[in-house]
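Biologist: I'm new to this one, so could you show it to me? I'd like to ask how you know what you say about it.

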Amino acid sequence: MDARELSDPILLELVKHALDAIVDEMAIALVRTAYSNNLKNSMDMSCALCDTQGRLIAQGMTLPLHLGSIPDAMHYFLRKFGDSVRPGDVFILNDPYEGGTHLPDFYIVKPVYRGCTLVGWAATVGHQLDVGGMTPGGNGCDATEIFQEGLRIPPLRLYEEGRPVDAVFAFIERNVRVPRQVLGDVRAQLSACSAGEKALLQLIEKYGAERFAACLDALLDQAERLARNAIRAMPDGRYDFEDWIDDDGIDSGEIPIKVTITIVGDRLIADFTGSAPQVKGAINSPMPFTKSAVYACVRHLIGGDPPNNEGYFRPIEVIAPQGTIVNPVMPAAVAARGLTGFRAANAIFGALAKIAPDRVFACEMGGDTGVSFGGYDADRRPFVFLEFLFGSWGGRPTRDGMDAASSSVVNFSNNPIEIVEAEYPLLIERYGYVQDSEGAGEFRGGSALVRQYRFLEAEGTLQVRADRQKHLPYGLQGGRSGTPSTNILNPEGAARQLPSKFRHTVRRDDVFRHALAGAGGWGDPFNRDPELVAFDVAEGKVSIKRARQEYGVVLDPITNSILTEETKKLRQSAHSGRGDKR
Amino acid sequence: MSMAEAGGWRLGVDVGGTFTDLVLLSPDGRATTRKVLSTTANYADAILQGIRELLAGAGIAAGAIAELIHGTTVATNAILERRGARTGLVTTDGFRDLLEIGRIRLSRLYDMDQQRPVPLVRRRWRFEVDERLDHKGNVLRPIDQHSIDRAIDAVRAEDLEALAICLVHAYANPAHERAVAEAIRARLPGLHLTLSSEVLPEIREFERTSTTVTNAYVMPVIDLYLSALETQLDSLGMAAPILIMQSNGGVMSSRRARQRPVQLIESGPAAGVIAAAALARRVGAPNVISVDMGGTTAKASVIEDYEIKRSNEFEIGGPISQGSRLNKGGGYLLRTPAIDIAEVGAGGGSLVTVDDAGALHVGPQSAGAVPGPVCYGLGGTVATLTDANVTLGYLAQDRLPSGLVLSAEKGRQAIAEQIARPLRLSIDEAAHGVYLVGCAGIARAVRAVTVERGRDPRDFTIIAFGGNGPLLAAEMARSLEIGSVLVPLAPGVFSAIGLLEADVEHHLVKTFNRSLDGLVDGDLARELSELAAEARDLMLAEGHTQQLEAASAVDARYAGQSFELTVPVPHLDAPGLAAAIAEDFGREHERTYGHRAPGDPIQIVNLRAVARVPQAAERRAIRPATEPNPNQTQRLAYFGPRLGRLATPVIDRFDLGKEPRSGPLLIEEYDATTLVPPGCVAELDALGNIIIRVEA
């Protein structure tokens with residue numbers, strides 16, 4: 001197509017789609033060639049393209065919480081190697097104190113050259129199955145300093161002019177429990193980089209380097225403009241919200257995450273001042289991750305399908321005092337920082353709900369829980385199983401929260417049970433909804449999910465990062481909280497209740513059951529359409545008793561049909577007597 | 001079938017949501033076509049009407065028809081409109097919610113209003129039985145008869161019409177599912193039953209459950225539909241067997257279709273690809289992309305080395321365009337062989353919008369047939385791609401050759417007010433922009449089946465059809481640097497012609513799940529032969545006694561990966577079978593992903609077998625009868641700011657000859673209009689296809 005003929009909006013649309021297609025191709029290459037569950041099934045990874053300055057110009061529709069962290073990683077790569085980058089180089093880092101966000105996330109990036117001219121970068125983030133350290137799976141929350149968490153990789157060359165740097169591969173191989181999987185997954189990230197490199201070159205070839213660069217500037221500007229328009233439409237003011245993490249699993253007690261969002265014209269400032277100091281447990285969230293949470297949440301209020309690049313970060317400022325749980329300093333442990341990222345997102349959405357009460361959902365539930373089983377089989381072959389559990393959405397201003405849906409700031413899949421059982425010494429005995437777990441509301445929150453594992457090896461380590469046993473997913477506009485999460489060991493035997501975060505030695509036939517918390521409801525449950533309540537009862541998601549107590553809907557115990565008069569009476573009497581008591 | 005080979009008349013019937021296309025093929029290969037409005041209350045009515053007209057035109061009796069081949073959207077519509085049977089599900093204790101939980105992935109990011117489709121079986125109708133197998137098929141807990149009885153009581157109490165049975169690890173051992181089925185057949189003999197171990201004996205519980213449930217859900221609908229059709233055809237005096245197009249492009253008997261209706265979900269789009277593949281073979285173009293653009297969507301599919309590409313999984317009922325192939329969960333997942341077709345929401349009726357940031361979008365919403373584009377004057381008010389095409393002078397200004405009346409002025413006004421003004425462009429520039437974004441929509445579908453699969457689109461020829469394919473294909477091809485576009489005869493009913501090109505085919509799959517390393521060649525060869533024999537037996541049971549073709553393949557991956565590549569196994573009895581598979585797999589992995597992992601163990605996940613009744617090699621090419629379009633004229637058509645408006649001859653297909661003629665040219669026909677843009681040249685090949693050479 002001869003672009004001299006094109007008016008700008010059209011050329012931009014074409015380049016934008018082309019970039020989206022490229023980062024999709026990268027992600028597909030990564031998923032299809034990856035070895036570990038967490039990458040290939042859960043899709044805990046992201047792929048992106050950056051320009052020569054390291055600006056994020058496109059990210060695949062993969063993981064919003066990674067999106068904001070890529071420019072930071074690129075900053076550290078460029079600071080260290082800027083002048084010495086050569087064709088055929090590939091770089092790697094995972095150190096949260098030099099561009100990363102926690103050790104399992106490997107950032108692998110490849111400069112893209114057209115002849116001898118650098119024209120951009122293909123970038124990938126993949127959550128690796130293991131990085132050594134004290135806890136299999138690299139995601140434990142019981143480390144108290146970064147040095148316990150495994151292999152730290154500062155920005156390094158992984159390939160030098162097309163040749164692998166053997167020393168780096170050797171260090172990785174010797175320091176992880178399952179090198180075949182980890183190196184396989186590193187190869188998958190390299191495949192993605194190559195796919196991105198090839199496609200980016202074709203694209204530049206087509207439009208010419210100069211015009212392509214101009215398009216990138218325009219696309220970044222377009223995203224910025226959409227963000228500014230959206231923010232300008234929000235009423236100026238300060239909106240704060242506080243949510244809590246139950247504890248850090250070591251000694252912290254409850255941990256406040258506080259955010260104050262200030263809208264000034266077309267600028268949005270998210271200030272985490274007032275959040276807890278950094279904690280001993282490994283749930284501290286490095287600054288890039290905290291920033292990502294802000295960007296991901298705010299993006300939900302920007303309409304118009306903006307290009308998925310960093311242009312929309314520009315009107316957004318994130319303030320987080322150093323030494324807090326949302327901007328920790330050395331030697332804070334950070335492996336399980338995902339939890340704090342999710343909680344920060346909950347708090348940000350809480351504040352956004354004050355800005356746009358007719359659009360934002362009540363508190364979702366998902367991402368808090370990570371479960372890993374690790375150990376050795378009878379032949380001393382290692383196994384590491386890791387998965388994150390989701391979740392359901394909070395009630396929304398116009399409809400119920402979705403039951404069983406990934407958190408909106410990531411986009412995970414669950415793991416196929418039959419695959420897990422075929423590959424690991426585990427039996428998954430239950431995966432389903434918990435009755436009466438939804439946060440009641442005019443539009444109810446999603447039901448909680450329960451997953452139950454039976455361990456089939458002689459001995460192993462079970463490590464769990466969870467939360468929401470005390471501080472529950474909040475409701476909005478009179479909607480109720482969801483039910484708490486639970487960890488139970490051997491529910492059909494001794495039924496031992498475990499804390500939200502623990503590491504435990506398990507033996508053959510030990511059974512672990514985790515129930516997630518239920519998501520928050522939206523609006524007064526007594527305003528809920530009785531037909532919807534009756535349907536939930538018929539489906540067994542809500543009990544007939546709860547229908548009466550929480551929703552004021554009286555059902556015939558045999559036919560499940562609505563007893564209209566009784567319901568009316570109950571709702572009226574409750575209306576006069578209710579309020580603060582409930 | 002044998003009658004057809006012996007020289008009977010054959011009939012292709014493609015039922016779509018708006019039109020029912022019929023093609024009657026004479027024994028000497030001459031095709032006559034009819035397009036009648038579909039009758040959605042009872043599709044058979046329109047079919048009967050069309051058949052009567054065709055028979056009358058040809059002057060033959062219904063008894064002369066040797067074979068009716070049918071493509072249908074009935075199963076698809078039953079799902080989209082939620083008009084399937086009252087369906088229950090029997091599953092393993094602890095897993096009643098699997099169907100609803102799905103894979104939990106969001107179909108769109110940053111969208112707080114998104115919804116997922118309601119499960120086809122409501123929770124109340126999902127029943128757990130007490131039993132458990134492990135992944136090798138060993139019984140961990142025997143099946144409890146009381147729990148089966150409880151499930152049957154509930155099925156009876158809820159008055160269900162169909163039941164899916166899907167137990168955990170049933171792919172490895174069907175005994176428990178069969179026990180449930182036996183008990184149900186004894187007590188509820190009229191119930192439509194679907195067993196996961198029969199429909200999809202493949203690992204991954206959600207995918208298997210979803211596929212099994214969908215089969216059960218549409219089974220009574222298809223049964224009823226085919227019974228009604230058969231009765232009516234009987235009354236017409238037609239005794240020919242009915243064959244149904246499957247999603248994978250093969251056809252199956254109507255009896256089999258009633259058992260496996262899930263296999264005909266993509267029946268409609270598949271036929272177009274079959275037609276393209278047959279044409280590709282005829283013109284000697286091994287690498288082809290079929291581009292089918294109608295009113296609401298554009299579909300692209302790849303044919304490589306004359307082979308159609310199939311995938312083993314797709315979603316139905318989700319948003320047409322999810323923006324990314326990675327986002328799933330917007331529709332009902334089906335794991336059943338289907339032609340790999342990428343579909344984007346860009347067609348002639350696609351609505352055109354300008355967003356806050358001044359970006360232009362075409363689709364995915366469509367004006368459909370009602371109210372239609374603004375220029376149709378049927379009540380449409382939002383500008384569409386067709387309105388842009390009329391504004392540009394690409395389409396006739398007052399009346400299409402098919403007789404449809406147009407108002408170019410109305411279309412032009414819509415483009416002026418809704419697009420040109422907010423973008424501060426001239427009307428022509430705006431319309432041209434819409435046209436190019438429409439081309440980009442097709443390009444996205446084409447990229448999805450080429451670039452994203454490691455294939456360079458420049459190595460392919462486009463075969464363009466459907467109402468709008470011929471109008472946009474050449475410009476789209478230019479954007480991807482594809483050099484050549486072919487527009488076949490009768491491009492508007494090309495899919496119906498495809499029905500007559502299809503093979504009778506059965507695809508079988510079986511989970512194997514063993515490492516290639518430890519395999520004895522003989523074991524693998526035996527298992528593959530057994531599966532192939534099973535596929536052949538199916539054919540024989542359906543009365544196909546001719547020479548059958550059989551092909552075997554394996555789905556393989558590096559141990560640890562979750563996604564397989566399908567590797568053909570041409571010679572089962574050759575020595576060194578495992579080594580040959582390892583080499584072929586490594587090569588395919590390298591081609592697709594850019595690397596191989598020598599030394600890493602390879603896992604054989606599934607075995608596959610295909611049996612097909614081959615088309616008679618001497619069968620003559622189908623030659624659609626065409627009516628010349630006498631309205632030779634010319635229009636001023638717009639081709640961008642550099643070229644502006646150019647006098648563009650409007651000609652008939654057969655005005656083209658073997659001498660290349662330079663664009664701009666518009667070729668108007670009953671079915672569709674073909675655009676040869678400036679800088680391209682067109683000629684007619686010996687078979688009457690328009691060949692457009694696209695200059696970079």
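Here are a few questions on the confidence, the fold and the contacts of this predicted model.

Biologist: What makes you trust chain A?

Modeller: The predictor's own score, which runs from 0 to 100. Chain A averages a pLDDT of 93, and 97% of the residues score at least 70.

Biologist: Where in chain A does pLDDT stay under 50?

Modeller: Over residues 1-7 of chain A, and the model has 16 contacts beyond four places in sequence for that stretch.

Biologist: Why is chain B called as compact as a globular protein of its length?

Modeller: We set its radius of gyration against the globule rule, which is 2.2 Å times the number of residues to the power 0.38. For 696 residues the rule gives 26 Å, and chain B comes out at 26 Å, so the label fits. The C-alpha trace spans about 80 × 60 × 60 Å along its principal axes, and chain B holds 17 helices and 36 strands.

Biologist: What share of chain B is buried?

Modeller: A residue needs 20 or more other C-beta atoms within 10 Å of its own to count. In chain B, 55% of the 696 residues pass that test.

Biologist: How do you know that chain B touches chain A?

Modeller: Contact takes C-beta atoms within 7 Å, and 63 residues of chain B are in contact with 76 residues of chain A. On chain B's side, α13(B) gives the largest share, seven residues. That side divides into 25 nonpolar, 17 polar and 21 charged residues.

Conventions. Residues are numbered from 1 along each chain as its sequence is written. Chains are lettered from A and ligands numbered from 1 in the order in which they are written. This is a predicted model: local features need pLDDT of at least 70, side-chain atom pairs count only at pLDDT 80 or more; totals for chains, interfaces and linings use all residues. Helices (H or I, at least four residues) and strands (E, at least two) are DSSP runs, numbered from the N terminus. A residue is buried if 20 or more other C-beta atoms lie within 10 Å of its own, exposed if 12 or fewer, and partly exposed in between; C-beta atoms are placed from the backbone. Two residues are in contact if their C-beta atoms, placed from the backbone, lie within 7 Å. Ala, Val, Leu, Ile, Met, Phe, Trp, Tyr, Cys and Pro count as nonpolar, Asp, Glu, Lys and Arg as charged, and the others, Gly among them, as polar.
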